[in-house]
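Could you take me through this model with a few questions and answers, building from one part of the fold to the next?

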Amino acid sequence: MKLTQEQIEYYGEHGLLFILELFSTKEVAAMQAAVEDLIVKDTPGRILEKDNKTVRALHGCHTTTEIFDSLVRHPSLLTSACEILNSDVYVYQFKINFKAAFGGDLWPWHQDFVFWDREDGMPSPKALNVAVFLDEFNEFNGPMYFIPGSHKESLVHLGQIESSEVNGQKNDWKSNVSAALKYSLGKETIAKLANEKGLVAPKGPSGSVLFFHCNLVHGSAPNISPYDRRLLIITYNSINNIPSFKGKPRPEFLVSRDHTPLQPLLD
Ligand code: SIN
Ligand code: MN
């Protein structure tokens, strides 16, 4: 798959691009099987919900699991990321957010870049997310909400950021991945932006793929439905945008230190 000029322009304007069923049922089944193997392993990159039981996310699986190592080099994802960022890229983060049936918790409204800037010293927002639906996303199971066009607002630099309460948690990397997110946006900011620009919640079958800008405002509601909602997110960063990692670096399963430019696999 090569992105068309129209798709690249759409991404530039709205901050996201949704491609239905990029992966086949067979390809998704292979990824789901790998996830089933991983979820039972008590690894440092496995994060639990506040009930201390339900898995919230797995991090860094591209370094441990062959199918995900291949996925990050898949030409449809990698080449598109390079085209959008106009640069060679490496994997900055890899995660699978579970949003489990009857218990997957929310992601408060936020932008991603503020985390990467403040926690890792990423110089500029020359990074993007590629989200792969591992389940069907519907109106019941907590799809992601986006404010299209909000990536142009640079809210962080206008000083509109409001830190959420980090409920009794130590102010460490866990507050970057929990439902009490460290840098979330306030109600007034969201209401104003949503009134101006609207909201979208891309829904569709498993295998669908969503590219989104690291300054695009997004969040998602808890999943009280009986349907799992597993989302795999690869964050590609430009090789010209390596973080400085000043201070105490976050764990490697959360932020990769391997900056080697990725080469696409053959189709
Ligand atoms: C994210 O903000 O990284 C993911 C949100 C979600 O999984 O709904
Ligand atoms: Mn996010």
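**Strand pairing, cores and the metal site**

Q: In this predicted model, which residue of β4 does L58 stand opposite?
A: Strand β3 covers residues 55–59, and it pairs with strand β4 (residues 89–97) in the antiparallel sense over three bridges. Across this pairing, the residue of β4 that stands opposite L58 is I96.

Q: Which residue of β3 does I47 stand opposite?
A: Strand β2 (residues 46–48) and β3 also pair in the antiparallel sense, over three bridges. The hairpin that they form has six residues between the strands, and N52 takes a positive phi near 65° there. In β3, the residue opposite I47 is A57.

Q: How many of the five residues of strand β3 are buried?
A: One residue found in this strand is H59, which at 10% relative accessibility counts as buried, since the cut-off for buried is under 20%. H59 touches G45, I47, F94, K95, V177, F253 and L254, leaving aside residues up to four places away in sequence. Strand β3 is largely enclosed by the rest of the structure, because the number of its residues that are buried is five of the five.

Q: Which helix gives the most residues to the largest nonpolar core?
A: This core has 38 residues, among which F68, L232 and Y236 touch the most other members. The helix that gives the most to this core, with six residues, is α4 (residues 75–85).

Q: Which residue of β4 that stands opposite L58 does F68 also touch?
A: Not counting residues up to four places away in sequence, the contacts of F68 include M31, A34, V35, L38, C61, H62, F94 and L232. Another residue that F68 touches, and the one opposite L58 in β4, is I96.

Q: How many residues does the second, separate core have?
A: Among the members of this core are M122, Y183 and V255, and I47, which stands opposite A57 in β3, also belongs to it. The number of residues in this second core is 19.

Q: Which residues are the protein donors of the manganese ion (ligand 2)?
A: In sequence the donor residues are spaced H-x1-D-x105-H. D112 lies in the loop between β5 (107–110) and α5 (113–120) and H218 in strand β11 (residues 218–220), so this pair ties together parts that are 106 residues apart in sequence. Both D112 and H218 are buried. The protein donors, lying 2.2 Å from the ion, are H110 (NE2), D112 (OD) and H218 (NE2).

Key:
Residues are numbered from 1 along each chain as its sequence is written. Chains are lettered from A and ligands numbered from 1 in the order in which they are written. This is a predicted model: local features need pLDDT of at least 70, side-chain atom pairs count only at pLDDT 80 or more; totals for chains, interfaces and linings use all residues. Side-chain values use heavy atoms; hydrogens and water are left out. Donors are N, O and S atoms within 2.8 Å of the metal (3.2 Å for Na, K and Ca); water is not among the atoms, so sites may look incomplete. Helices (H or I, at least four residues) and strands (E, at least two) are DSSP runs, numbered from the N terminus. Buried means under 20% relative accessible area, exposed over 50%, partly exposed in between (1.4 Å probe, protein chains only). Two strands pair if DSSP finds at least two bridges between them. A nonpolar core is a set of buried Ala, Val, Leu, Ile, Met, Phe, Trp, Tyr and Cys residues joined through side-chain atoms within 4.5 Å. Contact means heavy atoms within 4.5 Å.
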